[in-house]
Amino acid sequence: MFVGGEPLLEKHALFQTVGYAHRRARAEDKTVDVAVYTNGTLMNERIIEWANETGVSLVVSLDGPPLVHDRKRIYLNGRPSSRIILKNIHLLMERSAQPVKRVRAVACDRGSMVPLHRYFLDLGFNEIHVQPVYDEDGISDSMSGQEMVDLLAWYRDRLLEGTVLGVMPFEGFLERLVHRRRAVTSWYPCTAGRSALGIGPDGRIYPCHHFLEEGRFQLGHVQQGLPGIEARRPFFRRVDQREPCRSCWARHACGGECYHRAATAGVGYTGVLPEVAGTASPSSASPWRSSPTSPPPALTCCAGWRPRISRPRPPTNGPSPLRTWGPTSHEPERARGRRRA
Ligand code: SF4
């Protein structure tokens, strides 16, 4: 996975590295999967052709429609970037041979989850992952429990109408159910430190790419070889070895708090943000039911869908730009036409 900065700025190094990885893999009778996370500004015809030939997955970082995206994602000279990105995304949808079209977003606005997903689906993406913005003050309140319940209901409707679509984090549960056939058990929030490592451009190694350039989490350097399991062990911990996760009803669905989010928010590498931990209740009318008798309760704790409002936010003028979009009336027809399973 090539992520951070903009990998396509060094496309020749990228081409060579991916070619080398494929050659080595072939020589050892293995396969290698490569994903390139890109802001889309340099994703031209040649890049898409190269991705088709090499089987590389291009993952686009897009925060939403221009009104949203251009608030943060601008060129050095202040020029908004959405116009060129949208042009390149249309090119990707036309030319890409990859069946999975992936988008990643950071959500800042309350009430934006369903409109954002609808927007990305309309652009042609069929694997969508939106995460809340976080920093030293904690996680933004952009993904409240009720919003996640609404998103799950929207996702359920898309699946029931035949849309082939992956929405994180729900897709992970479905995958585990399909592949393991019975259990959704998670012991860890992710593979950081266990089977994943992040390697910076200077060769330093970290538990995952989120930690790049955070010196206190450095695990080693490529010139010294990859760190063995004992060096990596302090960087992952099972959910039942974390407090208060070990007594949380959702621990095996959740796997525990993201290590980088916990460390960034100041509760320690294996900590859990204390304001909300352990307050979720399992008794609920599930949004998966076709006709719930009572409205589903707000989930108040889970990695990725917890509300935390630790920092006063500046008042916004008027409603979020996302709220101004209505539902797209053609959505079911498009889904029937293009995404039947
Ligand atoms: S929902 Fe919260 S308390 Fe429960 S396992 Fe996940 S992070 Fe830990």
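Begin by selecting isoleucine 128 and displaying what surrounds it: once neighbours within four places in sequence are left aside, this residue is in contact with Val103, His117, Phe120, Gly166 and Val167. Please keep in mind throughout that this is a predicted model, so that each stop on the tour describes a prediction.

Is isoleucine 128 buried or exposed? With 24 C-beta neighbours inside 10 Å, isoleucine 128 counts as buried, because the threshold for that class is 20 or more other C-beta atoms within this distance. Widen the selection to residues 127-132 and you will have strand E4, in which isoleucine 128 has its place.

Next, add valine 167 to the view. Isoleucine 128 stands opposite valine 167, a residue of strand E7, and although the two positions lie 39 residues apart along the chain, as counted by their separation, their C-alpha atoms are 5.0 Å apart. The strands that carry this pair, E4 and E7, run parallel and are joined by two bridges.

From here, colour the whole sheet to which E4 and E7 belong. Five strands make up this open sheet, in the order E1-E2-E3-E4-E7, and their pairing is parallel. At its edges you will find strand E1, residues 35-38, and strand E7, residues 166-167, each of which pairs on one side only.

Now move along the chain to a second sheet, which is also open but consists of three strands in the order E8-E9-E10, with antiparallel pairing. Which strands stand at its edges? They are E8 (198-199) and E10 (220-221), and since each has a single partner strand, one side of each is left without a neighbour in the sheet. Select strand E9, residues 204-206, together with E10, and you can follow the two bridges over which they pair in the antiparallel sense; within this pairing, arginine 204 stands opposite histidine 221 of E10.

Then zoom out to the chain as a whole, which has 11 helices and 10 strands. Of its 341 residues, 31% are buried. Among contacts in the chain with a separation of 6 or more, 62% are between residues 24 or more positions apart.

As a last step, colour the model by pLDDT. The chain averages 80, and 79% of the residues score at least 70. Select residues 275-341 separately, since over this stretch pLDDT stays under 50, even though the model has 111 contacts beyond four places in sequence for these residues.

Technical notes:
Residues numbered from 1 in each chain as written. Predicted model: local features only at pLDDT ≥ 70, side-chain atom pairs only at ≥ 80, totals over all residues. pLDDT = per-residue confidence, 0-100. Contact = placed C-beta atoms within 7 Å. Pairing = 2+ DSSP bridges. Helix = DSSP H or I, 4+ residues; strand = E, 2+ residues; numbered from the N terminus. Buried ≥ 20, exposed ≤ 12 C-beta atoms within 10 Å, placed from the backbone.
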